[in-house]
Amino acid sequence: MSKVLELDQIKAAGTARTKEEAIAEAAEILIAAGAVTPEYLGFMKAREELTSTFMGNFLAIPHGTNEGKDTILSSALSFVRYADPIEWDGNEVRFVVGIAGKEGGHMDTLAAVATIFSDNDEVQKLIDASTEEELLSLLAELNNA
């Protein structure tokens, strides 16, 4: 099984300033990784219009709607951290984890993301990490989900 999160899918210093820009930044990483076609971004935006993907503890997990499943080429994650919180439907977001799940293969990964972000100490380590390599090390269990 291939890894869903590689070093080049992690950005320690995201540049987005709005929710819309952050969703696009997450999608761009998934597109560059070859996990999704460019059309996937539209399905991520459509999901966000249906329901907020804010999960709590500074985390949002934008992903596409079921209608966009044909634009997913392989399961993958993108991980973007922001120094300054982004306003996300009235909440502060510092981490955006873009998700592309091929054939439902993302549910275990979602559970692993939720486990990491339910632990305040782990979230603080992600805030404090200084490099993409350090972030990948802290997120390594996502590749075992």
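**Loop residues with positive phi, helix α3 and the largest pocket**

In this predicted model, Phe58 is situated in the loop that joins β2 (54–56) and β3. The phi angle of Phe58 is near 70°, a positive value in a residue that is not glycine, and the residue is partly exposed, its relative accessible area being 29%. A positive phi, of about 55°, is also found at Asp89, likewise not a glycine. Asp89 belongs to the loop between β4 and β5 and is partly exposed, with a relative accessible area of 41%.

Helix α3 spans residues 107–117, and its buried residues are Thr109, Leu110, Ala112, Val113, Ile116 and Phe117. These residues cover an arc of only 160° around the helix axis, which places them on the same side of α3. In general, an α-helix has 3.6 residues a turn, so residues three or four places apart point the same way. The packing partners of the buried residues of α3 comprise both strands and helices, namely β3 (59–60), β4 (76–88) and β5 (91–100) together with α4 (120–128) and α5 (132–138).

The largest pocket encloses about 270 Å³ of space. Its lining is made up of 15 residues, of which Asn66, Lys69, Ile72, Gly101 and His106 are the closest to the pocket centre. By residue class, the lining of this pocket consists of eight polar, four charged and three nonpolar residues.

Conventions
Residues numbered from 1 in each chain as written. Predicted model: local features only at pLDDT ≥ 70, side-chain atom pairs only at ≥ 80, totals over all residues. Heavy atoms only, no water. 1 Å grid on protein atoms, 1.4 Å probe; cavity = no way out; pocket = protein on both sides within 12 Å on 5 of 7 lines; lining within 4 Å. Points joined across faces, edges and corners; volume = space filled by probe spheres on them. Nonpolar A, V, L, I, M, F, W, Y, C, P; charged D, E, K, R; others polar. Buried < 20%, exposed > 50% of the residue type's maximum accessible area, 1.4 Å probe, protein only. Helix = DSSP H or I, 4+ residues; strand = E, 2+ residues; numbered from the N terminus. Arc of directions from axis to C-beta. Contact = heavy atoms within 4.5 Å.
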